[in-house]
Amino acid sequence: MKRKLLIGALSKFLAGLFLLGLLLFVPAGTVRFPGAWRLIAILFLPMLILGAVLFFRAPDLLEKRLNSREKSGVQKTVVALSALEFIACFVLAGLDFRFGWSHLPAWLIAAACVLFVGCYGLYAEVMRENAYLSRTVEVQEGQKVISSGLYGLVRHPMYFSVVLLFWAMPLVLGSVPAFLVMLPFPALLVRRIKDEEAILEEGLPGYREYEKKVRFRLIPFVW
């Protein structure tokens, strides 16, 4: 069981690393792309550490996070559109570096790196609080409503951290066009959240009461 999980986790990790490198370095026309190496470092090193922690301390949660097969048609559409947005973001960042379209100040890139790492920590905290945090939208056997910690502020704190992560990503790469491509990403999450909450309202006891207690879905005092 653990060997199969380890092989699956490492395979996805290496495939993601290879694909990201391909999408960044080929359009850039060189591997001497500092922004790409910055992103790879602050994305994959914490991912490796978090994956190792989950493997030894919460293998069931790691297995859930590796499962990305959505059942809902709406969720499949959101995942497909998100993938296209990511591909466009990374390819544009590579082309931007090759042709010199953007010239972001060093302090902004550094701030984006700090924000990215901080949001990764927030993401890890959400996983610590919620053992039912699957990548797919579903109600699991024995699942309970989590209302403490970050879940007492917004109903989807993971998505909140994801929005900031994805907005920081093109700035880490030093690309304005890539950032503009990622700006509409929250609109996809809104669609995902509405569909997800319809599923949770139907299948998760106590979720409707939780919605009344915690009013905001994604951003405190906004929505």
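Start with helix α4 and show its surroundings: among the elements covering the buried residues of α4 are α1, α2 (34–57), α6 (157–172), α7 (176–182) and α8 (185–203). Contact here means heavy atoms within 4.5 Å, and buried means under 20% relative accessible area, with exposed over 50% and partly exposed in between (1.4 Å probe, protein chains only). Helices are DSSP runs (H or I, at least four residues; strands are E, at least two), numbered from the N terminus.

Before going on, a word on what you have open. This is a predicted model, where local features need pLDDT of at least 70 and side-chain atom pairs count only at pLDDT 80 or more, while totals for chains, interfaces and linings use all residues. Residues are numbered from 1 along each chain as its sequence is written, and side-chain values use heavy atoms, leaving out hydrogens and water.

**Stop 1: along α4**

Select residues 73–99. That is helix α4, with 27 residues and a reach of 39 Å from its first C-alpha to its last, close to the 39 Å expected at 1.5 Å a residue. (The expected span is 1.5 Å times one less than the number of residues.) Now colour its buried residues: Gln-75, Val-78, Ser-82, Glu-85, Phe-86, Cys-89, Phe-90, Ala-93, Gly-94 and Asp-96. Step just past the end of α4 and you'll land on Gly-100, which takes a positive phi of about 70 degrees.

**Stop 2: charges around Glu-197**

Next, show Arg-155, Glu-197 and Arg-217 as sticks. Salt bridges that share partners join Arg-155, Glu-197 and Arg-217 into one network. A salt bridge is a side-chain nitrogen of Lys or Arg within 4 Å of a carboxyl oxygen of Asp or Glu, and the count by this rule comes to three.

Take Arg-155 and Glu-197: their closest N and O atoms are 2.8 Å apart. This pair links distant parts of the chain, with Arg-155 in the loop between α5 (106–129) and α6, and Glu-197 in helix α8, 42 residues apart. Arg-155 counts as buried because its relative accessibility is 6%, and Glu-197 is buried too, at 3%.

Swing over to Arg-217, whose salt bridge with Glu-197 has its closest N and O atoms 3.1 Å apart. Arg-217 sits in the segment after α9 (207–213) and Glu-197 in helix α8, so the pair ties together parts that are 20 residues apart in sequence. With a relative accessible area of 24%, Arg-217 is partly exposed.

Then pick Glu-201 and Arg-208, whose side chains meet in a salt bridge (3.9 Å, N to O). Glu-201 counts as partly exposed at 24% relative accessibility, as does Arg-208 at 44%.

**Stop 3: Glu-211**

Click on Glu-211 in helix α9. Which side chain of opposite charge is nearest to Glu-211? Arg-155, at 4.0 Å; Glu-211 is buried yet has no salt bridge. (Lys and Arg count as positive, Asp and Glu as negative; His and the chain ends are not counted.) Leaving aside residues up to four places away in sequence, Glu-211 touches Arg-155, Glu-197 and Glu-201.

**Stop 4: out to the surface**

Lys-144 is in the loop between α5 and α6, and is exposed, with a relative accessible area of 59%.

Finish with Val-26 in helix α1 (residues 2–28), which counts as exposed at 53% relative accessibility. Add Phe-18, Leu-19 and Leu-22, and together with Val-26 you have a nonpolar surface patch of about 410 Å².

Methods. Patch = residues over 30% accessible without salt bridge, like charges linked within 9 Å, V, L, I, M, F, W, Y side chains within 5 Å. Areas by Shrake-Rupley, 256 points an atom, 1.4 Å probe, with all protein chains shown as cover.
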